[in-house]
Amino acid sequence: MQRKREFTSNLIGMDEQPPIRPTVRILLVDGEDRVLLFRGQDPLQPNTKFWFPPGGGIEEGETPEVAAKREVFEETGLKDFELGPHIWNRRHVFTFYGKLQDVRETWFYAQVHNFVVDTSGFTAVEKEVVREHRWWRIEELAQTKDFLTPRALASLLPNLLTSGPPITPIDVEV
């Protein structure tokens, strides 16, 4: 019976609500005001490319801060850094690997030193989905035709860098 329930839980119809997945995202900004992003591609939608910062699911028993530190280490190899404030919240409902996802993101900011990214800690899914990574300057973000996460990253980042983190986290659009 357990096996059948696991199988059917993956067959959520578009009219049903998908399970909520709490996640974290971390804007790593280096000394040159560049932000680290990964380029992802859903294997079932090969023409859709999107850029996103490090982050992922919050595991049971973790706080968002602990999950953020873990995700940065797993995805970049960076261990010794100070996690900055919680800056944004974002909800995104989308299809990935053919399944409807309802992701609730807690976004953190972290000023980091320049470092070489080490992706050897990627999970199997990350190895399949992530095609490259790079450090982006604000003007490059403003010029790209690729999807950014969040879509308004090119307009949100300059204010964050000049005015600093918001006093309380703000909700950002997809």
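**Legends to close-up views of a predicted model**

The protein chain of this predicted model has a mean pLDDT of 91, and 91% of its residues reach 70 or more.

**View 1. The protein chain as a whole contains five helices and nine strands.** Read from the N terminus, its elements follow the order α-β-β-β-β-α-β-β-α-β-α-β-α-β. The protein chain is as compact as a globular protein of its length, because its radius of gyration of 16 Å is close to the 16 Å given by the globule rule for 174 residues. Along the principal axes, the C-alpha atoms occupy a box of roughly 55 × 35 × 35 Å. Of contacts between residues at least 6 apart in sequence, 68% join residues at least 24 apart.

**View 2. The surface and charges of the protein chain.** Accessible surface amounts to about 10,000 Å², and carbon and sulfur atoms account for 52% of it. Buried residues constitute 40% of the 174 residues. The protein chain carries 21 positive and 27 negative charges, and the mean positions of these two sets lie 5 Å apart.

**View 3. Residues 1–13 form a segment in which pLDDT stays under 50.** For this segment the model has four contacts beyond four places in sequence. Where pLDDT is low, the predicted coordinates should not be read in detail.

**View 4. The loop between strand S1 (20–29) and strand S2 (35–41) includes Asp33.** Phi of Asp33 is near 60 degrees, a positive value in a residue other than glycine. Most residues other than glycine have a negative phi. Asp33 is partly exposed, its relative accessible area being 37%. Arg34 belongs to the loop between S1 and S2 as well. Arg34 has a relative accessibility of 18% and therefore counts as buried, the cut-off being under 20%.

**View 5. The surroundings of Arg34 bring together residues from several parts of the sequence.** Apart from residues up to four places away in sequence, Arg34 touches Leu28, Val29, Asn114, Trp135, Trp136 and Arg137. Arg34 and Arg134 are 100 residues apart along the chain, and 9.3 Å separates their C-alpha atoms.

**View 6. Phe115 is located in the loop between S6 and helix H3 (124–129).** Phe115 counts as buried, with a relative accessibility of 16%. When neighbours within four places in sequence are left aside, the contacts of Phe115 are Leu28, Thr76, Leu78 and Trp135. The C-alpha atoms of Phe115 and Thr76 are 9.2 Å apart, while 39 residues separate the pair in sequence. Leu28 and Trp135 are among the residues in contact with Phe115, and both also appear among the residues touched by Arg34.

**View 7. Tyr97 lies in the loop between strand S5 (86–96) and strand S6 (99–111).** Tyr97 is a residue other than glycine with a positive phi, near 55 degrees. The relative accessible area of Tyr97 is 28%, so Tyr97 is partly exposed.

**View 8. A cis peptide bond joins Thr149 and Pro150.** Omega at this bond is about -10 degrees. Most peptide bonds are trans. Pro150 occurs in the loop between strand S8 (147–148) and helix H5 (153–163).

Note on methods:
Residues numbered from 1 in each chain as written. Predicted model: local features only at pLDDT ≥ 70, side-chain atom pairs only at ≥ 80, totals over all residues. Heavy atoms only, no water. Helix = DSSP H or I, 4+ residues; strand = E, 2+ residues; numbered from the N terminus. Rg over C-alpha atoms; globule rule 2.2 N^0.38 Å. Buried < 20%, exposed > 50% of the residue type's maximum accessible area, 1.4 Å probe, protein only. Contact = heavy atoms within 4.5 Å. Areas by Shrake-Rupley, 256 points an atom, 1.4 Å probe, with all protein chains shown as cover. Lys, Arg positive; Asp, Glu negative; His and termini not counted. Charge placed at Lys NZ, Arg CZ, Asp CG, Glu CD. pLDDT = per-residue confidence, 0-100.
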